[in-house]
Amino acid sequence: MNVVFLGATKGMGRALARLMAARGDRLVLLGRDLEDLRRSADDLRAHGAQSVETATCDLLRPDTFVPALDRAAELLGGFDTVVVTAGLFASQEELEKDAALRTRVLSADFTNTVQFCEAARERLLARGGGTLCVFSSVAGERGRKPVLLYGAAKAGLSHYLEGLDHKFRSVGLRTVTVKPGFVKTGMTAGLKPPPFAGEADDVARTVLKAIDRGMPVVYVPFMWRWVMLVIRYLPRFVMRRIGF
């Protein structure tokens, strides 16, 4: 595959990029920190990448999206897969207290991610189709007290991706929505892991299979599918009482 990857420098994204590189996929890494991108490219080459390039793209600056995707197409001679794992996270308490942080997180995780996906969709469809794999979150499954604002952004993103799949699957665009539960990464460092916490490498293996099969939705770790099924059907009076 010829892959454009936004968010390959950390956590689950880095683990997934390593698997793609090891099997011979050609990658262009997008990000805002050029030094970080260079380190990540060197890491992927050490993991067997035959072709890995970099280009500047900042999720907080939508004006960088089209130039970044066009540059990636130039470097790859066209691409058939776009993976988006980039995003921001902050605790509910931090988001309630800091309006500027709240704006950055909500913009990055919903509005700007959708704008990036729209630019990617146009280019994939222009080539006859391809795969768009985007990381959302189980936090978007239902309004919950600990992740009220972050979850709202991810809920919007998940609904957008579902609609994208409904509208464009028949003309060749395969949309893969990844819904991680708690995964042990730098983003979750310092938080108490729940019983079904996952590891980035395990998540990456599952996601790569989902990309290859064109699965529309994948929960990682898989147990979160059943956890969130229960949560979705709990009565509101129960949700108001519990802290989950």
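Pro221 is partly exposed, with a relative accessible area of 22%, and occupies the loop between strand S9 (217-220) and helix H8. In this predicted model, the peptide bond that joins Val220 to Pro221 is cis, with an omega of about -15°. The points below cover this loop and others, a helix, the salt bridges and two surface patches.

**The loop at Pro221**

- The relative accessible area of Pro221 is 22%, and Pro221 is classed as partly exposed because buried means under 20% and exposed means over 50%.
- Pro221 and Pro180 are separated by 41 residues in sequence, yet their C-alpha atoms are 6.7 Å apart in space.

**The nonpolar surface patch**

- Phe222, Met223, Trp226, Leu229 and Tyr233 make a nonpolar surface patch of about 570 Å².
- One of these residues, Trp226, belongs to helix H8, which spans residues 223-232.
- Trp226 has a relative accessible area of 45% and is partly exposed; a residue must have over 30% to be included in a patch, so Trp226 meets that requirement.

**The negative surface patch**

- Glu93, Glu94, Glu96 and Asp98 form a negative surface patch.
- Glu93, one of its members, is found in helix H4, which covers residues 92-97.

**Salt bridges**

- Across the whole structure, a search finds 17 salt bridges.
- Arg123 and Asp70 form one salt bridge, in which the closest N and O atoms are 2.9 Å apart. This pair links distant parts of the chain, as Arg123 is in helix H5 (residues 99-126) and Asp70 is in helix H3 (residues 65-76), 53 residues apart.
- Asp70 is partly exposed, at a relative accessible area of 38%.
- Glu74 and Arg71 also form a salt bridge, with 2.9 Å between the closest N and O atoms. The two residues are separated by about one helical turn because they stand three residues apart in helix H3.
- Within this pair, Glu74 counts as exposed at 56% relative accessibility, whereas Arg71 is partly exposed with a relative accessible area of 37%.
- In helix H5, Glu118 and Arg121 are three residues apart and therefore separated by about one helical turn. Their salt bridge has its closest N and O atoms 2.9 Å apart.
- Glu118 counts as partly exposed at 22% relative accessibility, while Arg121 counts as buried at 14%. Salt bridges that share partners join Lys10, Glu35, Asp36, Arg38 and Arg39 into one network.

**Helix H1 and the loop before it**

- Ala8 lies in the loop between strand S1 (2-6) and helix H1, and Ala8 is buried, with a relative accessible area of 4%.
- The C-alpha atoms of Ala8 and Gly87 are separated by 11 Å, although the two residues are 79 residues apart along the chain.
- Helix H1 comprises 12 residues (residues 11-22). From its first C-alpha to its last, helix H1 reaches 17 Å, which is close to the 16 Å expected at 1.5 Å a residue.
- The buried residues of helix H1 are Gly11, Met12, Gly13, Ala15, Leu16, Ala17, Met20 and Ala21.
- Just after helix H1, Gly24 takes a positive phi of about 105°.

**The loop at Gly143**

- Gly143 is found in the loop between strand S5 (130-135) and helix H6 (148-168).
- At 65% relative accessibility, Gly143 counts as exposed.
- Gly143 and Arg236 are 93 residues apart along the chain, and their C-alpha atoms are separated by 10.0 Å.

Technical notes: Residues are numbered from 1 along each chain as its sequence is written. This is a predicted model: local features need pLDDT of at least 70, side-chain atom pairs count only at pLDDT 80 or more; totals for chains, interfaces and linings use all residues. Side-chain values use heavy atoms; hydrogens and water are left out. Patches are made of residues with over 30% relative accessible area and no salt bridge: like charges are joined within 9 Å, nonpolar side chains (Val, Leu, Ile, Met, Phe, Trp, Tyr) within 5 Å. Accessible areas come from the Shrake-Rupley method with a 1.4 Å probe; for residues, only the protein chains shown count as cover. A salt bridge is a side-chain nitrogen of Lys or Arg within 4 Å of a carboxyl oxygen of Asp or Glu. Lys and Arg count as positive and Asp and Glu as negative; His and the chain ends are not counted. The place of a charge is taken as NZ of Lys, CZ of Arg, CG of Asp or CD of Glu. Helices (H or I, at least four residues) and strands (E, at least two) are DSSP runs, numbered from the N terminus. Buried means under 20% relative accessible area, exposed over 50%, partly exposed in between (1.4 Å probe, protein chains only). The expected span of a helix is 1.5 Å times one less than its number of residues.
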